[in-house]
Structures are given as C-alpha cells and as structure tokens.
Amino acid sequence: MRTPGQQLLLLGLGSVLAIALIMALLSWASGGSGAGAGVDPETGTITLVLDTEPPQMNSSLSADAISGRVLGHIMEGLTRQDANNELVPGVAERWEVTESGATFWLRNDAKWSDGKPVTAHDFVFAWRNTVDPNSASEYANIMFGIRNAEAISAGKLPLTALGVTAVNDRELRIEFANPVPYFARMTSFSTFYPIREDFYRSTQGRYASSADTLLYNGPFVMERWVHGAHIRLVKNPRYWNRDEIKLNVIDFPYFTTDGNTIINLFRDGKIAMADIGQQNIQEAQLQGWTINSFSEGALFYVEFNHRPGHVTRNRNFRKAIQYALDSSEEVNRVIKIPGYAPGRSLFPEWLDGVDDSFRKEYPVREVSPDWDKAREHLELARKELGLERFPPIMLLTGDSPVANKVSEYYQETLKQALGLEVRIDVQIFKQRLAKMLAGDFDLVMAGWSADYADPLAYGELFHSANAQNRGRYRNPEMDRQIAIARTSTDPRTRMDAFGRIQDIVVDDAVILPEYERGRLYVVDPALSGLVRRVVGFDPDFTYARIVDKVSQ
Amino acid sequence: MTMNSSPDPALMPGAFAPIAREQSVHRLSRPSLSYWQDAWFRLKANRRAILSLWIIIAMLLFTVLGPLFWRVDPAAQDLQQISSPPGANRSVVIVEPYRPWAEAPAAPSEPGLDVAAPPTTQQVRLVWTPMPGAADYRVYRNIVPVKQGGALGVPLGTSGSADVTHYEDRMDLKPGVAFYSVLALDANGAALPAVFTRRIEVANAITLAEAKARAMVKADDGLGVGDQIQYRLHPLGTDYLGRDMLARLMQGARVSLFIGIVAPTIFVLFGVLYGSMAGFLGGRIDQVMMRFADFVIALPFLLFMILFKIAFGIGPGESGILPMIVAMVILLWPATARLVRGQILQVREEAYVNAARLLGARTNYLVLRHMIPNTFGVILVTLTFAIPSAIFTEAFLSFIGMGVAPPTASWGSMSNDGIKSMLISPHELFLPALMISITVLAFNLLGDGLRDALDAKMRSRE
C-alpha cells in the first residue's frame, strides 16, 4: 500500500504527463494544417494575419477595408497604383480623361483566370451592378460622377442609361455628369473592378461566396477559402504582368484582431508582419524590432449635431467646447500612440495642394485651448438659448479602446472646464452609424478616410445635401465654396475654395478635429517591397519579395 | 462445572456494607445551548469562517468609512500621472508653461544631436546638425540603448523637410532615460545610413498652472518655476486617465457590495416565501408553482437585463444598476425556492411535526416554530453563496458595458479597463481583480462555515 501522499504525487505526475502528451499531439496536428513560417524563401510563401473574414468579396458591392485588401491582390481595375503609389496601367494600357468624359483602351493580354480575355463589357456589367438599386451597393455614390448614375441608383432610369459604353471589346467610353479630373485614379479602386457576366450568371446568385465562385484577373488567385479560418492566395499564372510578381503564395491562416496574439505570432516567426498596439510598444523596443510608422490618412473628429433642438446648434456653445478641448493633450497624454498626430484641420496633412502639400500652402488657423474664453462663449450661449442650466450632453462613441478612453477624457474635461454633464453612449459601429444618420446625438466621435486623393474627399463632407453630413450642418457660404471646388478645373481656384472651407470649419466650429490616425507595425526583415498607402487597398504585397536575411 | 465446596471467605456476609450515598449525580450533559448559541459556538471554532467574517466587515468599513478619510474625487483626472504604479517617484520640478516652439533654434556647435532646452516631461526639444543628402529626417525614441546598426525604437515623426533640423517630442513622455535618434531620409522617404543618437535624461516636470489646478501649490506658499514639489499621493497608483485607484476602488466597492447584498437578500427572501408556500401547501398548487419556477429558470438573464434597461427608460450613458437588480430579483429566485421547497417537504413529514399537529398546533405555529428554523441553514447558506455570484454578475455585466456608466467605477468595469493595459501597468487590472477575488472568497468561506455551523445534525457528532 502506498501512503495517500505518494498516491497524490503519482496522480499529479500522471496528469502532467498526460497533458504534455496531449499538447505535443495538438502541436503536431496544427503543424500539419499548413501554418508555416512567416516568410518561407524556399516556397516563396508569406504568412499573414487577417482581421476578420472578408465580409463582401463581390467587388461591385464591397465597401470594407478587409475585403478590399484581399480583392486588391486577386483583381485588377483599369488602372492600379504601383510601389510608389503612382498611377500605372492595369487592364487599360492607355487612357484619356477630358472634362466631359474618359476613354480607356484595354490591353490584349489581360486575361481572366480561366483564360478568356478581359473585355470592356466586363467593366460595363460590373459598374451597372454597383449602381443597380436592387443590389443596394453602399458605394454606389462613388460612381455618381458618371452620367445618370445617381438617377439609376434612385430607380428613376434603367441600368442601360449609365454613361458607360463598350465601344468594342478593347475600348471603354465613359461620359461624366460633371468634370471628374481624378477619374483615372478612381478606376484603381475596388468598386471599379470588372466582373464577367456569363460567369456571374453561372454562379446563380452565389457569386463571390467561395473560392470557386470567383473569377480572378489580378496578380493572385484565391486557392483556398475556409470560411472564418483560412484564405490562401497563389500567384496567377495567367496575369499579364506575371514576371513582376515575386511571391508565390500569400497565406492568411489566422483571423484575429487581438493585439497580443498577433505580437506573439510575430515573435514566434509565424507571420511576416504585425501591427503594434499601445500595450506592445515597450515589448517591441525590448525585442529590438525595427518599428515602422504609417499615417493612415484618416481624420477623426468630434461632430456636432446642428439639427434644431440641440444646444450644439448654437455657435457659441460649439466655440466653448472648441476652446475647452486640446487635441495635442488628447494625443500625447491620453491616446499615447506614436504615429497619431493631433488633428488641427478638416484636411489631413497628406493631401496635396497646387505645388506643395495643401496644409503648407494653406496653413490652418490655430485655436489654442483657453478655458477662460471657453467659459465666456458658454455664458453667451446660455444667454442666447435662454437656458438656466444646460441639459446633459449626449456623446455618441464607438466601442474601441481608444474611443472609450477619449470619451471619458472629454467627459471629465468638459465637466472641469465648463461644468457640463456629458453622458457617454457607446455603440458598435453599425449602430453608431444608424444613430448618426437618425441624428440621435449631441456630439459624435466620427472618422473619415478618403476614397480618392483629392481634398474634395474631405471638403464636400459638410455640404448641406451630402448624406455623410450627419450633423446636418447648413451654411450657404460652405455650399458655395464646395460648388466652386467641384466644378472648377483650375487647381488654384479649387485650392482657394478648400482654403476657405478650412477656415469656415475652424471659425464656425463645424467639427473639432481630434487626430489623424497612424499605425505602428513591424515587418520580418526578410520581406521587402511592402507598400502602405492612404488611398486604395492597404497593405499591398503585390510587389513584395523575399530577400536573403544575410545580405541585410 | 464443579462447585467449590468450601465458600470463599471474601464472600462472607460480613464483607458487605452499604456505601455512603453520593451527594450529587455526575453531570454528563453539556451546558444547555440554544440553537443559535450552538451555531455560533461552532462557527467560532471554524477559523477560516471567522477570518472571512472579519474580511467582510473590513470590506464594509472600507466601503462606508473609507471615503470619509480618503477624500479624493474618483472621477478627477490627473493627466500628469497616467497609469502610475503604486509607490512611483512623486518629486517633480515646476517649469514654465508650455509655449509652441516658434523660432528655429541654432544648430549644435558640434555635429550630432542635441537638446535645445532642458528635456522635461512637458517637452523634449531636439536639434541636430544637417546631414548630407538628407531630404527629410525621422526622429526615433527608444527605452533601451541603440546598438550599432540595430533598431532605433519607436518612430515619433518626421521633421518635414531638409531645412528643418529640429523636432519637438511631447508624446507620452516619462521621466528617466530615453535614447533619441535622428535618421536621414532620401527624397522617397527611404532611410539613409546617417544616424545621430543621444542618451537624454528626461526630468519630471509640471507647469505652475497645472500644479495649481491640482492644488499641489497654493497661492501663498511662494513656490514658483524651478522649485521641487511633490505630486499628489496616490497610494495605489492611478489608472489610464490618471484617476486615483484607491478612491475608485472605494467607489467600486460601494457599487459591487450594494448589488451583492441587496439583490440576493430580496430574491432569497422571495424564494423562501415562494418555496415554503409551495412545499407546505403541496399537491396541485405545488405542481403549478414549481412549473412556473422552472419556466422562470429557462428565461435568459442577459436578454431580460437589456429588456429591463429599455423598459425602465434608461438611456445610454446612465447607470444600469436598477435594471440589474430588478433582473436579478425577478430571474434568480427559483433556485432558492426549489431548495426551500425540498427542505419543507422533508420537514413536513418528520415525526415531531406530526406530533405537534396531534397536540393541536396551528399552521402558523408549525411553520414558524418547526419548518422555518429547520430550513434556516439552507436559507443562510443560499444567501451567502448568492452574494458572491451577484458580485460576479455585476462585474461581468459592467465588464461587457451593461452595468455602471462612466465615470462611475465598479470593480467589474475597472477590471475591464485594466485588462487593456495588463502588460504595461498590471496594477490597473490586479487591484480590482484582487478585491473581487477576496470578497467572493470570503463570502464563500463564510457560507461554507455557516453551513457546517447551522446543520443541526452536526451537533451530535462533536
């Protein structure tokens, strides 16, 4: 007989051994499922993390960044952006853009992954699908520069009225509703990718729901798509520019947004690239990784509700909040992520003006925080509104860690500076958009990233007829300046208009810029040629290649 | 067997005499104890349970009396001391108020990187000599020394052009040593080999205005720029917005213990009434009542929590404490009711109850004298186990954002906030999690001890 102590010891040892055996079996099993090294020079494979399952892989309907990232590698539009973010020919070998329209001539060797040529008809079909009111694409409005697109999308005209015609298989002609000087650049965007009609019909409504219900014309094709778990892209042997593509496989065996998981995968050499969150910055420095920063170009701001019945309609009230908050303190002390830049203007720093950057040509009027001035404005607002006390202010915000932190910071700052009671309304993204649309807020923390590289992408946000103007700001002078920027073809006149829009936004406190979002990330030193960009899909691995670590 | 013919002399009649009658009978019984005295006696013998009781009392004192002694606003944000751990260095120098850096500074006399002003946690102003071929410069900061050809650390930003050879860093400055580097970039933004690196000692600094706003400096104590002062004391450190952890833990305890005690008390009471009624009445009424209890058990708690929140007209940004209590009371009583009913069914058939009934006891007497006291053990134990589960439920609901509204803290919401920065400031998660764990453990151990103490059957075994 053993004593109870010995029995316990044996039992403990036995269970430890059993657990070790199970773990060994599990790791062996997972090793067999294909998740290999982050960068594998022998097979030309890179392994990456994808945030989530791509929600919509039908290019004519897709509106999110995750699907856009995958689509950007497997599809190609008329034009594309190269490694230096310059516009280069894609399916079209040349093009011509005038004030009234554009013509694209397609190359002969552009092929679908089944070997058939890509024709002008494929673009007509895809673009009509986008503006089709029955398909309800969220991005239909990006096509509104094309003649009749808006009316078709509203159901007032038939699809065939869209100002896009295939003159023959190799020539595509577009008529504009109004001048769109940046149209060629827009055609590199995923909404403008082609879709072949006969293939689309053959999938019987299941187009883009799996790897074999998609037809590819980009540098890669999707070899494997296990929903919610794994996406594998392999080089497209029929791509016209295949010699320039160095990678053989881009593998996404992990779908996660958890920062710690991603960092652990990177540390173990399982993935080739990782984003670094605020809690991992220290770790990355201690590991001695080369940290890169990238400004996403997205502007985040506090938007006021200008609808009647909200105190935020009062200009002095908005000025009071403008003087009370400090975007520099917010970014440097509360958010604390290097790469974030304090917001000062409606127009982010990366936008180009006439010769130099827009912000250098048209410096923004600085408003430095001043609580005394803030209180003066609040007193004026109190008198104008005839209020004894201000009602609680509803601050609508998202559910991200940064949004939570910042909204609590605002809550306390506005209480200290102005004695206002702020209630925080945390909502998930979809619900927040619905509430913004319904005007169910006083202040909302909103963000905007441009779909095309022109100041108009930001400048027209607060036009009284713009659906994205969630606060319903109305100002005839603003509308007049936007009209100038939209219709003028002279760069100087347009930039002057944007300069005035920038001033109105500050003087009238239409919104309060918070920050321009940036990202820190690390890349495996063996991977080179990764492209990050503000407009268009990001990150871009099309031109990436694997280099010898020793030669670094 | 053989008979002894000669009688034993010891058994002669003269050997027997009556002994003296004893004055008192030896007492074998223990002192007479009532049920409660006996329970208390046994509880006292259970050291774990008594320790738990003391911990619970200490928690209640911490909650009720704590805020009277530690008068710090739990919502006040001290942005100078964000996420500072307990026992952080508090000495700080008063400096001039921050002014944007307008004038271009003079380049350092020797080639390399230098500071244009004493580096403080308000700002670090870097200036460097131009590097050949540079079209732009990128500034890095590192917490470990930069090795030759190694990583430079965190990229802070670029100077913007070749002419600008200075940079101001205000990003999350911490007192201590930092290693700054400036890297030359070519026209395409690619790195050139030229790098300047410098070890810079950053002093802890506060502006006079901020010091006054935090009441660290009073108008009459004559302190000014250049003087050394002490930060406000935060014994348990601060959270991600520089709020005092001790004050927040006290506020959180108020919320957590309030819910933890009020909700279980109400639903256990209701469960006792319901269960004893069902058990005592029996028959078809019992069947109907218990099937209704089963129905209530099947209702999803979270869904009802959300429904009540809407039904009560509680908008976003308002506290969800009331609907939480209501949801708990309405949905969690059946467990107690079931237990008590089972107990009553058992007690009802006991011989002493029948005896009492034969002796003419009325229903009231039976229930109050025989039934309830005999189920009391079960009731008290249910209550002490319901309290920690309610605290956990509150923590969980606040964790997913259904509970208290900011800036009010509860232990659950504090844990939720703390988990995001678990790796860099563990105290933000550790402290509230510790409080939840200790409280829940104390209530559980006390419940355990009470069960042993109140079980009348245990009495005979000692």
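Here is a walk through chain B and its contact with chain A.

What you're looking at is a predicted model, so to speak with its own filters: local features need pLDDT of at least 70, side-chain atom pairs count only at pLDDT 80 or more, and totals for chains, interfaces and linings use all residues. Residues are numbered from 1 along each chain as its sequence is written, while chains are lettered from A and ligands numbered from 1 in the order written.

Let's start with chain B, which has twelve helices and ten strands (DSSP runs numbered from the N terminus: H or I of at least four residues for helices, E of at least two for strands). Its C-alpha atoms fill a box of roughly 135 × 70 × 55 Å along the principal axes. The radius of gyration of chain B is 37 Å, where a compact globule of 462 residues would have one near 23 Å; that rule is 2.2 Å times the number of residues to the power 0.38, and the radius is taken over C-alpha atoms.

The domain assignment of chain B gives domain 1 (58–69 + 241–461) and domain 2 (94–208), with bounds from an automatic or database assignment. The C-alpha centres of these two domains of chain B lie 57 Å apart.

Now for the partner: 30 residues of chain A are in contact with 29 residues of chain B, contact being C-beta atoms, placed from the backbone, within 7 Å. On the side of chain A that touches chain B, helix 13 of chain A gives the most, with six residues.

Technical notes
Contact = placed C-beta atoms within 7 Å.
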